[in-house]
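Student: Please walk me through the empty space and the ring packing here. Start with the terms.

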Amino acid sequence: MAATKSLFIISFLFLSSAFLARSAEVDDESEFSYDEKNENGPANWGKIYPEWNTCNTGKLQSPIDLLNKRVEVVSNLGKLRKHYKPSNATLLNRGHDMMLRWEGGAGHLKINGTKYQLKQCHWHTPSEHTINGKRFNLEAHLVHESDDGKTAVIGIMYKIGRPDFFLSMIEKDLKALANTKGIERAIGTIDPNLIKMDGKKYYRYIGSLTVPPCTEDVVWTIDRKVKTITKRQMKLIREAVHDESKTNARPAQPVNKRPIKFYKPEERP
């Protein structure tokens, strides 16, 4: 009887850990594709695993088009309250993107009284979100998690122009991982404050992860100020990832009448 009970507990823990592994953003991205012609392309992500069903059935999916005539301009959200700190980091080629992960977190972001610890950042080319239908050359995602498992992501758009300092700083590490997959490379102490963002004006809406399992109720903040990168930097980010697709951006998802707020500080007289 005791042996049976122990076996049940072990099985339960195994299944629970397997579910949790697939409810978070996946690290091994070889099981899905960004090629819309493939059987495992974006339109079929929800059919690959039962745990990924939300990718097809969810009503709060990301990314979306941030259309000016659809947004509500507000002044009560306040400037982004970031409290980042330098922390040890690693770089991982996940198959469709490069991810920089901070060990133990790198400070936090505070939204509506909730602290979200900065866990990782990664890049998509071209941008996943669009503004008034316009797609940009690159989009960075800074992924945060609260102690109770909620997720908040900051999105930063980039267009071709002057070099981005942060990407220049980790360029040699990106090149070193260009021909690898699933290998995590320690890159020392990295200060996330060097990922420049404006934070004075931004979009805010409730969406989802943009990769399987497409978990919803993610608090999205999209910085309105578009930053710049060079063509070489954009090419490095894309070519460091050896997959069959030329992009790693999920198509825009239906808004479904979701409220989209645009924070703009009140102008002083």
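Tutor: On a 1 Å grid over the protein atoms alone, a cavity is a set of points where a 1.4 Å probe fits but cannot get out. A pocket is an open set with protein on both sides within 12 Å along at least five of seven lines. Lining residues have an atom within 4 Å of a point. The model is predicted: local features need pLDDT of at least 70, side-chain atom pairs count only at pLDDT 80 or more, and totals for chains, interfaces and linings use all residues. Numbering runs from 1 along each chain as its sequence is written, and side-chain values use heavy atoms, without hydrogens or water.

Student: Over which residues is the pLDDT below 50?

Tutor: pLDDT is the predictor's confidence in each residue, from 0 to 100. The protein averages 87, and 86% of the residues score at least 70. The low stretch has 5 contacts (heavy atoms within 4.5 Å) beyond near neighbours in sequence, and it covers residues 1-22.

Student: What is the volume of the largest cavity?

Tutor: The count is 2 cavities of 30 Å³ or more. Residues lining the largest cavity include Cys-121, Trp-123, Tyr-158, Asp-164 and Lys-196. A volume is the space filled by probe spheres set on the grid points, which are joined across faces, edges and corners. For the largest cavity, that gives about 50 Å³.

Student: How many charged residues are in the lining of the largest cavity?

Tutor: Asp, Glu, Lys and Arg count as charged; Ala, Val, Leu, Ile, Met, Phe, Trp, Tyr, Cys and Pro as nonpolar; the others, Gly among them, as polar. The lining has 8 nonpolar residues and no polar ones, and the charged count is 2.

Student: Which strand gives the largest share of the lining of the second largest pocket?

Tutor: This pocket holds about 200 Å³ of space. Strands here are DSSP runs of E, at least two residues; helices are runs of H or I, at least four, both numbered from the N terminus. S7 (114-124) and S13 (202-208) each supply at least two lining residues. The largest share, 3 residues, comes from S13.

Student: Is Val-219, one of the lining residues of that pocket, buried or exposed?

Tutor: Val-219 is found in strand S14. Leaving aside neighbours within four places, its contacts include Ile-111, Tyr-116, Arg-204, Tyr-205 and Ile-206. Buried means under 20% relative accessible area, exposed over 50%, partly exposed in between (1.4 Å probe, protein chains only). At 13%, Val-219 is buried.

Student: What type of aromatic pair do Tyr-34 and Trp-45 form?

Tutor: Rings of Phe, Tyr and Trp (its six-membered ring) pair if their centres lie within 6.5 Å; planes under 30 degrees apart count as stacked, over 60 as edge-to-face and the rest as tilted. The count by this rule is 8 aromatic pairs. For Tyr-34 and Trp-45, the centres are 5.6 Å apart and the planes meet at 85°, making the pair edge-to-face.

Student: Why does the pair of Tyr-205 and Trp-220 tie together parts of the sequence?

Tutor: Their ring centres are 6.4 Å apart with planes at 10°, so the pair is stacked. Tyr-205 is buried at 2%, and Trp-220 is buried at 1%. Tyr-205 lies in S13 and Trp-220 in S14 (residues 216-223), so the linked parts are apart in sequence by 15 residues.
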